[in-house]
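Me: I have a structure in front of me and want to learn how to read it. Can we go feature by feature?

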Amino acid sequence: MHKLRRVKGSPEDYLIRIVDGKSGERGERLTGMLPDVKARYAVLEGAYTTTRIGSVAEGRWTAQQRKDLLHCYGSTAQALEDLKRLITEGQSEGTRDFCPYCGIGAPRQFDHYLPKEKYPEFSVHAYNLVPCCGICNGKKSDGWLNAKNARVFLNLYIDSLPTAPMLEPDINWVRRKDKRVPTVSFELVQPTGFSAIKFDLIKSHFEKLELLSRYKDQSHTEFSVLRDAAIAREAKTVATLREFLENFLVQRERTLGLLNWRIALYRALVKDVSFLRECLKP
Ligand SMILES: [Zn+2]
């Protein structure tokens, strides 16, 4: 999980480029709708804060208008591809290859934070496009508010994240053939001093995207990555190996951020003396 950077330039300019690329009757209809869509852009951008974004009301569009607005995102167009590329490439180098919602998979799709079925006018709004993995996109679907109209997913362009780790892995070792392998479960823990209200949103985000069980499912692969790196070091003592892995961890933490689930797992393994002993040179 990591914060996103907003694309440079005005969302309205990207919209105009996309609409300019449309021809025929659809192009004319979209050009005619531009003043209304721009007015809606102003509403969204005026409310683009953690406390106000959930209150943006749905717009009123005819069935044809809805279709035309959704077409802006649903059809292949150079201007839209350019916008998607700018959003992806604008993210920090270390995290751009990971979905910001989960930190597991590659962000090969775009989620519409305000669902495009409810807000077709924001289907190509640059701030409404979240690069994410297919699993998160599928789980998020068009739900974004609960019955009390409170948001249930983090908006990583604007929501605050803790500055201290919030994932605690619990490692249990089991023996399989001649190897000890860990079974890992993760717990989400509110960091000291972090607002309870903001943490409720994080909890909801984790529950809706089933992040704790997804991390558990992925943990064995990550365990193997760290174990292979540790064995390749050919260290003779626990102290040397720990020093090496702590440096490795610092580097990975700089790249992935300290809230990343892999970092939480690595941190727990580096503390585990029995794990370190097994990775020593015989
Ligand atoms: Zn994801």
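Reply: Yes. Keep in mind that this is a predicted model. Start with a pair of helices. The axes of α2 (residues 24–46) and α3 (residues 63–74) come within 10 Å and cross at roughly 100 degrees.

Me: How are α2 and α3 oriented to each other, then?

Reply: Angles of 65 to 115 degrees count as roughly perpendicular. So α2 and α3 are roughly perpendicular to each other.

Me: Which residues make the contact?

Reply: From α2 come Arg26, Arg29, Leu30 and Met33. From α3 come Gln65, Asp68 and His71. By class, the contact has two nonpolar, two polar and three charged residues.

Me: Now a single residue. Where is Pro162?

Reply: Look in the loop between α5 (134–140) and β3 (167–176). Setting aside neighbours within four places in sequence, Pro162 is in contact with Pro191, Phe194 and Leu259.

Me: Why is Pro162 called partly exposed?

Reply: Count the C-beta atoms around a residue: 20 or more others within 10 Å means buried, and 12 or fewer means exposed. Pro162 has 18 within 10 Å, so Pro162 is partly exposed.

Me: Which residues touch the most other members of the largest nonpolar core?

Reply: Cys99, Cys102 and Val124 do, in a core of 61 residues. Helix α9 (residues 261–270) gives this core its largest share, six residues. Domain 1 (11–140) and domain 2 (167–278) each supply at least three.

Me: What is Cys99 in contact with?

Reply: Leave out neighbours within four places in sequence. Cys99 then contacts Ile104, Gly105, Ala106, Pro107, Cys132, Cys133 and Cys136.

Key: Residues numbered from 1 in each chain as written. Predicted model: local features only at pLDDT ≥ 70, side-chain atom pairs only at ≥ 80, totals over all residues. Axes fitted to C-alpha atoms, helices over the stretch in contact; angles between N-to-C directions. Helix = DSSP H or I, 4+ residues; strand = E, 2+ residues; numbered from the N terminus. Parallel < 35°, antiparallel > 145°, perpendicular 65-115°, else oblique. Contact = placed C-beta atoms within 7 Å. Nonpolar A, V, L, I, M, F, W, Y, C, P; charged D, E, K, R; others polar. Core = buried A, V, L, I, M, F, W, Y, C linked by C-beta atoms within 7 Å. Domains from an automatic or database assignment.
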